[in-house]
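User: Could you take a close look at the nonpolar core of this protein for me? I'd like to follow how the helices around it pack together.

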Amino acid sequence: MIQVAYVVFWWLALEIIGLVSFPLVSRICNGLGDRGYSISKLVGLVLLTYSAWILSTLHILPFGIASIAVSFLLLAVLSLFLGRSNLRIPNWPRRQIIISDSLFTISFIVFVLIMLGNPDIYFTGASDSVFNYAFLQSILRADYFPPIDPWFAGESIQYYYGGHLLTALLTVVTRVPPTIAFNIAGAMFLALAVSASYGLGYNITRRKLYGFVTAFFICLVGYTSGALQLIAFVSHHEIMGYAPSNAATIIDWLLWFNFSQAPWHIEGAIVHYPYFSFVMGDMHSYSMSLPFQPMFILLIFAMLQKGRLVDEPAGSDTLLDISVLGLCLGFFAILNTWEYPTYIIFTVVAFILLRIRPSVRGNLIVPAAIIGLSFLLYLPHYISGSISNLGGLGLVTTRTSLAQFLEFSALFLFASASLLFMVAKRDVLRGRKALLAAAIILTVTVVAAILLDFQLLIIVVPMGLLSLYYIYISSPRSVGGFVVLLLLMSAAMIFFCDFLYINDSLSTPWERFNTVMKVYLQLWVFLGTAAAYAIFYMMTIMGRKTKIVWVAMVGILIVASLIHPLASTTSMLSGRNTYWGLNRGTLDGMAYLEMVDKGDHDAIRWIQTEIEGTPVLLEVPGNPSIYSSRISAFTGLPTVIGWQLWEIMWGHPWDEVDRRARDVDMIYDTLDNDQALELLRTYDVEYIYIGTLEREQYEDEGLGKFASQANDYELVYEGEGVTIFRVRDE
């Protein structure tokens with residue numbers, strides 16, 4: 001029952017934040033049907049997280065309940081003052097508030113129940129839950145920011161940690177144990193995405209049904225790979241690289257479904273869809289950033305609607321709009337840096353192409369001010385060096401095939417193509433000259449796609465050109481133009497991923513691994529939103545006979561796109577395909593550790609209770625996908641070197657990582673105590689951990705020196721196979 005209370009506390013905190021933020025949000029979104037309530041929780045979380053972050057980054061207040069209380073008070077004052085004209089509750093859109101909150105609450109409960117079937121913060125498989133939990137614990141131990149890298153003692157985290165900070169903030173407020181908070185937060189982010197996606201679809205179409213369709217498309221459906229796997233199973237023949245399963249029945253197939261094969265269907269890359277990341281228990285930055293994407297798109301749409309309602313917004317409203325959008329845009333830089341450039345571009349093209357402001361000058365100055373402010377507000381993040389190892393662009397040599405892309409996006413692409421076809425038929429392809437020009441462009445595109453081995457040009461060129469032309473001929477600030485702009489952005493992202501990649505630490509043939517994974521998740525939001533609107537549009541203009549055929553095709557694609565998420569859920573919850581398979585029916589992500597290594601489990605609990613601050617703790621060097629770096633991960637105490645490959649990916653040179661690993665080995669193994677002490681003091685190590693992994697890795701003679709040198713080491717903990725020594729002061 002105590003875990004139920006934790007879930008309720010978390011939900012209540014979010015509701016309070018949403019209600020307190022709503023007067024401010026409703027002033028910005030006064031042209032929307034729900035006046036922005038569907039994103040008020042998210043905007044409030046951005047304001048609250050930023051305030052706590054900047055107070056601690058500037059060393060004004062240490063991170064904790066005091067800085068959070070000050071931040072909440074500031075949020076309340078700003079919202080009540082700036083939104084004072086919207087405080088009359090009878091004027092609130094109560095029906096939409098009830099729908100939005102009900103959708104969020106139901107989604108949150110359902111996703112929490114799913115988390116009960118896969119709560120482990122585990123070390124193997126495709127999830128990065130261990131390092132993400134390590135970041136959360138490091139932030140919870142921090143007084144000031146940037147937080148210390150738990151796997152590279154002495155250095156701050158060189159990665160974006162905004163989602164971890166937001167989770168830490170709610171963990172402090174609700175007093176939920178971090179191992180439980182981690183799983184509750186996973187359910188929260190997807191539930192917030194459902195609510196925000198609903199709000200985006202509803203406000204664009206002004207139809208509740210299509211709000212639900214938008215949420216369904218963005219947050220629940222997946223790629224069509226599951227349908228291919230099912231066909232292979234039923235037919236007993238391989239299809240498009242998917243071998244038939246050995247399952248005896250369809251039930252066995254669902255329980256033993258191979259959910260990890262399909263994400264690799266694009267050569268040299270991995271592709272996730274939002275729900276799959278959630279089912280994997282992957283509290284990665286690209287998962288935590290998901291709800292903030294429809295939030296920001298809706299804020300831009302609110303600017304468009306405001307431009308339709310008034311000739312020129314008041315100066316105070318313009319300043320408020322710029323401030324909130326700048327803060328929300330900049331939040332992507334610390335939340336998931338990969339999304340920051342995308343939404344900068346989206347902001348610019350939305351104002352310029354859609355002519356959101358009445359004057360040309362306004363459509364240049366306002367987005368420039370938003371972007372400039374988004375950078376200045378988060379300047380300490382860039383100065384501190386807390387940014388991942390990204391630099392430069394490279395030319396793609398191995399491209400995505402048309403079949404691979406259709407496997408990823410068949411549903412969204414069919415709906416969007418239907419929309420563009422109807423637009424072209426009505427507004428573009430009129431007259432022989434237009435038809436001839438279209439035929440020439442299409443022919444040249446197909447030839448170029450073949451000669452350049454760039455198959456996705458067949459999608460990108462028509463989508464991009466038709467979108468641009470439609471926006472050109474549309475009236476300013478049109479809803480149709482806004483949706484087509486999403487398709488223009490989609491075309492640009494598809495083209496980018498097959499033309500260029502962003503350099504990181506990965507090399508051939510995995511050089512575009514991160515580019516495709518991170519950008520395609522953004523593409524999912526843009527295409528999913530446009531596809532939902534396309535269904536709304538097509539259903540209003542098609543004749544009866546055409547509608548029957550078209551709806552049947554969409555229905556088949558929806559069913560095909562539901563198989564992978566459904567089968568992934570049943571397989572994961574069955575316990576047969578989980579990586580540890582030991583701990584289910586709880587939200588405590590560390591409970592399984594008691595069965596894996598009780599000595600480590602008990603020692604971690606002792607450290608969490610008895611050791612304060614961020615002293616350096618020595619443990620055996622680790623690497624991903626194996627049980628390692630477990631003490632630093634579960635306590636937040638920094639260790640000399642944790643997962644070595646991950647630290648290289650985050651920007652640390654290989655020779656430095658390797659040197660640290662060799663120094664740790666030397667400390668444990670050497671019989672020369674003076675040499676060990678010198679290295680310990682080089683890294684400011686205060687605690688030495690000796691557990692099962694250390695005893696397996698190092699010789700007893702080397703480990704024995706810590707117990708025999710009582711003048712240099714103090715035994716502070718002894719448990720089941722674990723001893724912890726504290727290095728005495730000189």
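**The core and its helix contacts**

Analyst: Happy to walk you through it. In this predicted model, the largest nonpolar core holds 249 residues, and those touching the most other members are Trp10, Leu170, Met188, Phe292, Phe346, Tyr520 and Ile688. The biggest contribution to this core comes from helix α7 (residues 178-205), which supplies 18 residues. There is also a second, separate core of 5 residues, with Ile270, Tyr286, Phe513 and Leu521 among them.

Trp10 is a good place to zoom in. Setting aside neighbours within four places in sequence, Trp10 is in contact with residues including Phe108, Leu170, Thr171, Val176, Ala181, Ile184, Ala185 and Met188. Two of the names on that list, Leu170 and Met188, are themselves listed with Trp10 as residues that touch the most other core members.

From there, follow α7 to its partner, helix α4 (residues 94-116). The two axes come within 8 Å and cross at roughly 145 degrees, and the crossing is right-handed. On the α4 side, the residues that meet α7 include Ile99, Leu103, Phe104, Phe108, Phe111 and Met115; on the α7 side, Ile184, Met188, Leu192, Val194, Tyr198 and Tyr202 are among those meeting α4. By class, this contact has 16 nonpolar and 5 polar residues, with no charged ones. Phe108 of α4 and both Ile184 and Met188 of α7 take part here, and Trp10 is in contact with each of these three.

Two further helix pairs are worth a look. Helix α8 (residues 208-219) and helix α22 (residues 513-541) have axes that come within 9 Å and cross at roughly 145 degrees, again in a right-handed crossing. Here Tyr210, Val213, Thr214, Phe217 and Ile218 of α8 meet a set in α22 that includes Trp524, Val525, Gly528, Ile535, Phe536 and Met539. The residues of this contact divide into 11 nonpolar, 3 polar and no charged.

Finally, helix α18 (residues 402-428) and helix α23 (residues 544-574) have axes that come within 9 Å, with a crossing of roughly 155 degrees, so α18 runs roughly antiparallel to α23. Ala410, Leu411, Phe414, Ala415 and Ser418 of α18 meet Trp550, Met553, Val554, Leu557, Ile558 and Ser561 of α23. That contact is made up of 9 nonpolar and 2 polar residues, and no charged ones.

Conventions
Residues are numbered from 1 along each chain as its sequence is written. This is a predicted model: local features need pLDDT of at least 70, side-chain atom pairs count only at pLDDT 80 or more; totals for chains, interfaces and linings use all residues. Side-chain values use heavy atoms; hydrogens and water are left out. Axes are lines fitted to C-alpha atoms, for helices over the stretch in contact, and angles run from 0 to 180 degrees between N-to-C directions. Helices (H or I, at least four residues) and strands (E, at least two) are DSSP runs, numbered from the N terminus. Angles under 35 degrees count as roughly parallel, over 145 as roughly antiparallel, 65 to 115 as roughly perpendicular and the rest as oblique. Contact means heavy atoms within 4.5 Å. Ala, Val, Leu, Ile, Met, Phe, Trp, Tyr, Cys and Pro count as nonpolar, Asp, Glu, Lys and Arg as charged, and the others, Gly among them, as polar. A nonpolar core is a set of buried Ala, Val, Leu, Ile, Met, Phe, Trp, Tyr and Cys residues joined through side-chain atoms within 4.5 Å. Buried means under 20% relative accessible area, exposed over 50%, partly exposed in between (1.4 Å probe, protein chains only). A crossing is left-handed if the near helix is turned anticlockwise from the far one by less than a right angle, and right-handed if clockwise.
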